[in-house]
Amino acid sequence: MEVFIVGGFLGSGKTSLLMKLAENFTKNKKKAVLLVNESGEVGVDGATLKAQGYDSVELPSGCICCTLAGTLLNALKNIKDDIDPDVIIIEPTGLALPHKVKEMVRQACIDEERCMILGIVDVQRFDDLVAKKEEFFTRQMHGSEFIMINKADIAKPGQIENATAWLKSRFPDKEVIPVSVKENTNLERVYELMA
């Protein structure tokens, strides 16, 4: 079983990416389960995913890398025992640290073949995020295998280049990919890196 953790700040496009990944796995005859962590009382993302016909498990009201750690461990074990999918895609809240979620996956002892963190950032809010939350953002992207700069379809001139340069200066070993999840731009490259 493979586990993919989609990490990124609020509004970066995690849920949209999650749906594209699930669609791609389904197309390739792989059974995928989506595990979504909502920070509020009402789970909008989980309801959206279920309405689209995907198997999804929702962990509302808290963060899976801290207050809901035990709940995450139980959910992962239950998914393995009850559904036994080929793939689990986890969307933590936008305030989670994905590398901590990866540690939880390992603690769940679910015999994953591979566990990858996919980092995603919103190009339009990138400068503000770095200016106001640079340390947190850097920690959030730290464990990513690669980083996607989302919303390339609506980026202003120079935004993609500036964000790429900043990310490459902090994470020289990671591939940085401009994507538009909405327009399917460069998602084939994302699928290649996940293969």
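**Note on a predicted fold: loops, helices, sheet and cores**

1. Lys-151 counts as partly exposed, because its relative accessible area is 23%, which lies between the limits of 20% for buried and 50% for exposed. The model is a predicted one, and the backbone at this residue deserves a look: phi of Lys-151 is near 70°, a positive value in a residue other than glycine. Lys-151 belongs to the loop that runs between β6 and α6 (159-170).

2. A second lysine can be read alongside it. Lys-29 sits in the loop between α1 and β2, just after the end of α1, and takes a positive phi of about 60° there; here too the residue is other than glycine. With a relative accessibility of 72%, Lys-29 counts as exposed, since the limit for that class is over 50%.

3. Helix α1 (residues 14-27) has the span expected of its length: at 1.5 Å a residue its 14 residues should cover 20 Å, and the end C-alpha atoms are indeed 20 Å apart, so the two values agree. The helix is mostly covered, with 10 of its 14 residues buried. Among them are Leu-17, Leu-18, Leu-21 and Phe-25, but Lys-14, Lys-20 and Asn-24 are buried as well.

4. Helix α5 (residues 126-141) gives another picture, for a straight helix of 16 residues would span 22 Å at 1.5 Å a residue, whereas α5 spans only 13 Å between its end C-alpha atoms. The helix also has a kink of about 110°, centred on Lys-133. I would keep both values in view when reading any single axis for α5.

5. What does α5 pack against through its buried residues? The partners are β1, α4 (98-107), β5, β6 and α6, and the buried residues of the helix are Phe-126, Leu-129, Val-130, Phe-137, Gln-140 and Met-141.

6. The strands form an open sheet of seven, in the order β3-β2-β4-β1-β5-β6-β7 and with parallel pairing. β3 (55-59) and β7 (175-178) stand at the edges; each has a single partner strand, and therefore one side of each is left without a neighbour in the sheet. On average, and with direction ignored, neighbouring strands are turned by 20° against each other.

7. At the β3 edge, β2 and β3 run parallel and are joined by five bridges, and Asn-37 has Leu-59 in β3 as its bridge partner. Elsewhere on this sheet, α5 packs by touching β1, β5 and β6, and the direction of the helix makes about 170° with that of β5.

8. The largest nonpolar core holds 25 residues, of which Leu-21, Leu-118 and Val-190 touch the most other members. Two or more residues each come from β1 (2-7), α1, β2 (32-37), β4 (87-91), β5 (114-122), β6 (146-150) and α7 (187-194), and the largest share, five residues, is that of α1. Leaving aside residues up to four places away in sequence, Val-190 touches Leu-21, Phe-146, Met-148, Ile-177 and Val-179.

9. A second core, separate from that one, comprises 19 residues, including Leu-72, Val-101, Met-104 and Ile-117. The two cores are best described apart in any account of the interior, given that the second is separate.

Technical notes:
Residues numbered from 1 in each chain as written. Predicted model: local features only at pLDDT ≥ 70, side-chain atom pairs only at ≥ 80, totals over all residues. Heavy atoms only, no water. Helix = DSSP H or I, 4+ residues; strand = E, 2+ residues; numbered from the N terminus. Expected span 1.5 Å × (residues − 1). Buried < 20%, exposed > 50% of the residue type's maximum accessible area, 1.4 Å probe, protein only. Core = buried A, V, L, I, M, F, W, Y, C linked by side-chain atoms within 4.5 Å. Contact = heavy atoms within 4.5 Å. Bend = angle between axes of the 7 residues up to and from the residue. Pairing = 2+ DSSP bridges. Axes fitted to C-alpha atoms, helices over the stretch in contact; angles between N-to-C directions.
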